[in-house]
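Colleague: I have a new model open and would like to know what lies behind the words used for it. Could you walk me through them?
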Amino acid sequence: MGAAARLADLGLSLPPVALPVAAYVPAVRTGAYVHTSGQLPLVEGRLVATGKVGADVTPEDAQGLARIAALNALAAVAAVVERDGGPAGAAALDRIVRVVKVVGFVASDPAFTGQPAVVNGASLLLHDVLGEAGVHARSAVGVAVLPLDAPVEVEVVVELA
């Protein structure tokens with residue numbers, strides 16, 4: 001089963017690529033690798049939530065936000081594949097050989113230590129959409145604040161066929 005079918009089974013579709021909030025691009029390809037910029041939990045150009053996890057945002061809600069950010073990262077990867085002459089939309093995700101690395105940043109209340117569980121939202125989505133190709137190395141980092149007061153930010157590195 002391909003990524004497009006898996007997305008459909010999950011009731012998801014790739015969103016439009018989130019516009020940068022500063023001077024950068026959403027993703028860059030170098031050789032066989034695509035590196036995404038940090039992706040926020042934006043839906044239709046708006047943050048779904050703001051604040052610190054463990055104070056303003058529950059860990060469970062933050063896990064869902066990490067899932068949204070990972071879906072936005074996949075959209076950025078798909079756009080690079082399409083721009084380089086590959087298939088469009090979710091079919092572009094079938095060019096992913098492996099998600100190499102995920103870095104999840106969690107804007108955390110000082111007492112909150114559950115960053116790995118929050119970033120599991122991103123990791124599980126990547127596995128659900130890409131199967132074994134979605135299994136990756138990962139870092140989950142607690143930070144004081146993220147752009148636009150987002151609770152989470154996710155970046156990925158993927159290898160393409």
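Modeller: Gladly! A strand here is a DSSP run of E with at least two residues, numbered from the N terminus. By that labelling Thr-36 is found in strand S2. Bear in mind that this is a predicted model.

Colleague: Thanks. What is the order of the elements along the chain from the N terminus on?

Modeller: The elements run α-β-β-β-β-α-β-α-β-β, giving three helices and seven strands.

Colleague: And why is the chain called as compact as a globular protein of its length?

Modeller: The radius of gyration is 15 Å, and the globule rule gives 15 Å for 161 residues, so the chain is as compact as a globular protein of that length. Along its principal axes, the C-alpha trace spans about 45 × 30 × 25 Å.

Colleague: Back to the residue you named. Why is Thr-36 called buried?

Modeller: Buried means under 20% relative accessible area. Thr-36 has 8%, so the residue counts as buried. Across the chain, 43% of the 161 residues count as buried.

Colleague: How do you know which side chains of S2 share a face with Thr-36?

Modeller: Side chains alternate along S2, residues 33-36. Val-34 and Thr-36 point to one face and are buried, while Tyr-33 and His-35 point to the other and are not.

Colleague: What makes S1 and S2 a pair?

Modeller: Two strands pair if DSSP finds at least two bridges between them. Four bridges join S1 (residues 27-30) to S2, so the two strands pair, and they run antiparallel. Ala-27 stands opposite Thr-36. The two strands form a hairpin with two residues between them, and Gly-31 in the turn has a positive phi of about 60°.

Colleague: How many bridges does S2 have with S7?

Modeller: Three, again in the antiparallel sense, with S7 covering residues 152-160. Because the cut-off is at least two, S2 and S7 pair as well. Val-157 in S7 is the bridge partner of His-35.

Colleague: Which residues are in contact with Thr-36, leaving aside its neighbours within four places in sequence?

Modeller: They are Pro-26, Ala-27, Ala-73, Ala-76, Val-77, Glu-155 and Val-156. Contact means heavy atoms within 4.5 Å.

Colleague: Last one: what share of the contacts with a separation of 6 or more comes from residues 24 or more positions apart?

Modeller: Such residues account for 79% of those contacts in the chain. Happy modelling!

Technical notes. Residues are numbered from 1 along each chain as its sequence is written. This is a predicted model: local features need pLDDT of at least 70, side-chain atom pairs count only at pLDDT 80 or more; totals for chains, interfaces and linings use all residues. Side-chain values use heavy atoms; hydrogens and water are left out. The radius of gyration is taken over C-alpha atoms; the globule rule is 2.2 Å times the number of residues to the power 0.38. Buried means under 20% relative accessible area, exposed over 50%, partly exposed in between (1.4 Å probe, protein chains only).
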